[in-house]
Amino acid sequence: MSLMKSLMGAAAAVALTAGAALAEPALIFDLGGKFDKSFNEAAHNGAQRWANKTGGTYREIELQSEAQREQALRRFAEAGANPIITMGFAMADPLAAVAGDYPDTKFVAVDVNWLDAPNIRQVSFAEHEGSYLVGMMAAMASESGTVGFIGGMDIPLIRHFGCGYAQGAKAVNPDIEVVANMTGTTPAAWNDPVKGSELTKAQISQGADVIYAAAGGTGVGVLQTAADEGILSIGVDSNQNHLHPGKVLTSMLKRVDVAVYDAMTAGEDVETGVFTMGLAEDGVGVAMDDNNKELVSAQMADAVEAARKGIIDGDINVVAYYENDTCPALQF
Amino acid sequence: MDKMPKWADVILIPLISLILAAILSALVILAIGENPVEAVNLMVTGALGSTYGWGYTLYYATNFMFTGLAVAVAFHARMFNIGGEGQAMLGGLGVAMVCLYIDWPHWSIALLAACVGSALFGAMWAAIPAYLQAKRGSHIVITTIMFNFIAAAFLNYMLVNVMRPQGSQDPATARFPETVHLPTFQSMFSTAENALFRGAPANISFFVALLACVVVWALIWRTRLGYEIRAYGHSETGAVYAGISPVRITIIAMLISGALAGMMAINNVMGEAERLVLNSTEGAGFIGIAVALMGRSHPFGVFLAALLFGFLYQGGAELALWTSIPRELIVVIQALVILFTGALDNMVRMPLEKLFLSLRKGAQ
């Protein structure tokens, strides 16, 4: 044990001396890979923005297997990388095992908020709040009284998106029909635009005329088909309004890039603790730009702004799916 | 008379295939502007240069040994079991149930029970395609690959709706209790002065895999059942003439195959993750096909091929960590090895056979 400590002490000393000159941040992408057009790519964009602005360099790895999670954390920590930024909830468990061994290294965990360690900055997003707002816009834009939701893989996180969306839609029109489908039950569901397109057609035949895609790369197919069939769609994570100008009602922004950029900017002094980025922190939001200006009426914009304020002030309570693993507005 | 000596078939051909794959990989690495010598160096030192590297290499090799043996046993009965992935997933479910729902006093008893549980679940998942093949003539390739998808959906349902601890976002079971954690190489081989295999996931199930290799060898070449399996694999009509029931052999061979694939879970679920996650198998079931092909369906060959693929996986991880070679290219390098050793076997074999024939003629 004492040897273990001295070894680690030596490693830390090496890391510190190296770190004085260059404590590079490290970024660990999840299995989706850094060009997934969505969650991981947003992190990549944030890191690139930091690198371009400061001229700094950072280490990165795209994970290929579950066993690499802990491996990558340890290897980067031993090489003196600081802070080490991880993407996705699946890193929580390995982080809990590793963080204690490297007390001088700061870890930043995106999409995690339940760990207990002094050197982890945990950043999670209030996706249900942003989804609530786009749900309101969907209900206001819908003429048929039916809106759709297409999720990627059927996991609690995606139900969380759909639940906020349904609550927002029902807040505008209590009689509205919300059709929800999941693309699949394997990780392949994150990258299946063809299936996304089929689900879109199926929902259109059920009367949906606005469809929200929270499905990673699958969403590209949803947005494409919606544009081809002449109905509206809603993008997710990044601003996807530009993909089909005038056909994408809005995008639910999840500012992963900001979380990564901020962490890299703060460097080794990054503040640890649990941080939730909701509407109040501009961590989530709706995308308004020239591409969807025509689609958003003044009345719609006002209603969304009022709801945004209401949620921030606590006047509107959006129920999170996690609270008791059910959704008051939608049955999955 | 054989066309060429045995050592050439077993050693020379795989070696030349490997060298060809390495040359092509080097060209690929050159083409993207990285230094291939440095890359190879990084892979070798990363995977074999320290006990830490060996700890990962052997961990992956353990997975591939189980799935490779699974495919090999089915090959001997001339069946192509490409459902190792699904069978290993179900094996994971078996391990998770054994570890979570029963209180075990000691890991050794839990390991025995987990072996039985994972083998049972894996075999059960292979039993239905086996029955469909034996009785209904539904092709085993089609049914086993479809059962992979059913296994993924089933596991997803179990993890999201049944086994996930309340309040957790991660579709995974709770951690297994401390008493069923398997001893890792780190705890087995480290001495007070010398910490070996630090942080590496290799664990005692490596030895279970070695044992499985020996048992499969004995089964195939030293028992009556193994003889029947091989006889059926060589000629179905011949086997029927000899009084061997095709239905029985099909089902038994697939049950053994499924059980072996399922047992992979004691390594990755019980030994490494210590909980069941959705993506626990990560394609090891498919790598098993390449391992069995390369190992010529012989347990010792499977062992060597599994080591090679373990090296490729761990070396690939080190490449991903310390260079900017994108992971897609690392997969390309791994695929080149599979292509040359598995699919393009004859490309090396035929010229070699000619060479040996002409050498022999020259000697006469």
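Biologist: How far apart do the C-alpha centres of domain 1 and domain 2 of chain A lie?

Modeller: Keep in mind that this is a predicted model. The domain assignment splits chain A into domain 1 (2-125 + 257-277) and domain 2 (128-253 + 297-323). Taking the C-alpha centres of domain 1 and domain 2 of chain A, the distance is 31 Å.

Biologist: How many residues does domain 1 of chain A bring to its contact with domain 2 of chain A?

Modeller: On the side of domain 1 of chain A that touches domain 2 of chain A, there are four nonpolar, two polar and three charged residues. Domain 2 of chain A supplies nine residues to the contact. For domain 1 of chain A, the number is nine.

Biologist: Which helix of chain B gives the most to the largest nonpolar core?

Modeller: Let's start with the core itself, which has 216 residues. Those touching the most other members are Ile28(A), Ala138(A), Met65(B) and Leu69(B). With 17 residues, the helix of chain B that gives the most to this core is helix 3 (residues 51-76).

Biologist: Why does this core lie between two domains of chain A, and which are they?

Modeller: A core lies between domains when both give residues to it, and that is the case here. The core therefore lies between domain 1 (2-125 + 257-277) and domain 2 (128-253 + 297-323) of chain A.

Biologist: Leaving aside neighbours within four places in sequence, which residues are in contact with Ala138(A)?

Modeller: Good one to look up in the structure! Ala138(A) is among the core residues that touch the most other members. Setting aside neighbours within four places in sequence, its contacts are Val147(A), Ala169(A), Val210(A), Tyr212(A), Ile234(A) and Leu249(A).

Biologist: Which strands stand at the edges of the open sheet in chain A?

Modeller: Six strands of chain A make this sheet, paired in parallel in the order 2-1-3-4-5-11. An edge strand has a single partner strand, so one of its sides is left without a neighbour in the sheet. The two at the edges are strand 2 (59-62) and strand 11 (273-277) of chain A.

Biologist: Which residue of strand 4 of chain A stands opposite Ile84(A)?

Modeller: Strand 3 (residues 84-87) and strand 4 (residues 107-110) of chain A run parallel and are joined by four bridges. Opposite Ile84(A), in strand 4 of chain A, you will find Phe107(A).

Biologist: How many residues does chain B bring to the contact with chain A, by class?

Modeller: The contact takes 27 residues from chain A and 26 residues from chain B. Helix 3, helix 6 (140-163), helix 12 (265-273) and helix 14 (299-322) of chain B each supply at least two residues of that side of chain B. By class, the side of chain B has 14 nonpolar, seven polar and five charged residues.

How values were computed:
Residues numbered from 1 in each chain as written. Chains lettered and ligands numbered in written order. Predicted model: local features only at pLDDT ≥ 70, side-chain atom pairs only at ≥ 80, totals over all residues. Core = buried A, V, L, I, M, F, W, Y, C linked by C-beta atoms within 7 Å. Buried ≥ 20, exposed ≤ 12 C-beta atoms within 10 Å, placed from the backbone. Domains from an automatic or database assignment. Contact = placed C-beta atoms within 7 Å. Pairing = 2+ DSSP bridges. Nonpolar A, V, L, I, M, F, W, Y, C, P; charged D, E, K, R; others polar.
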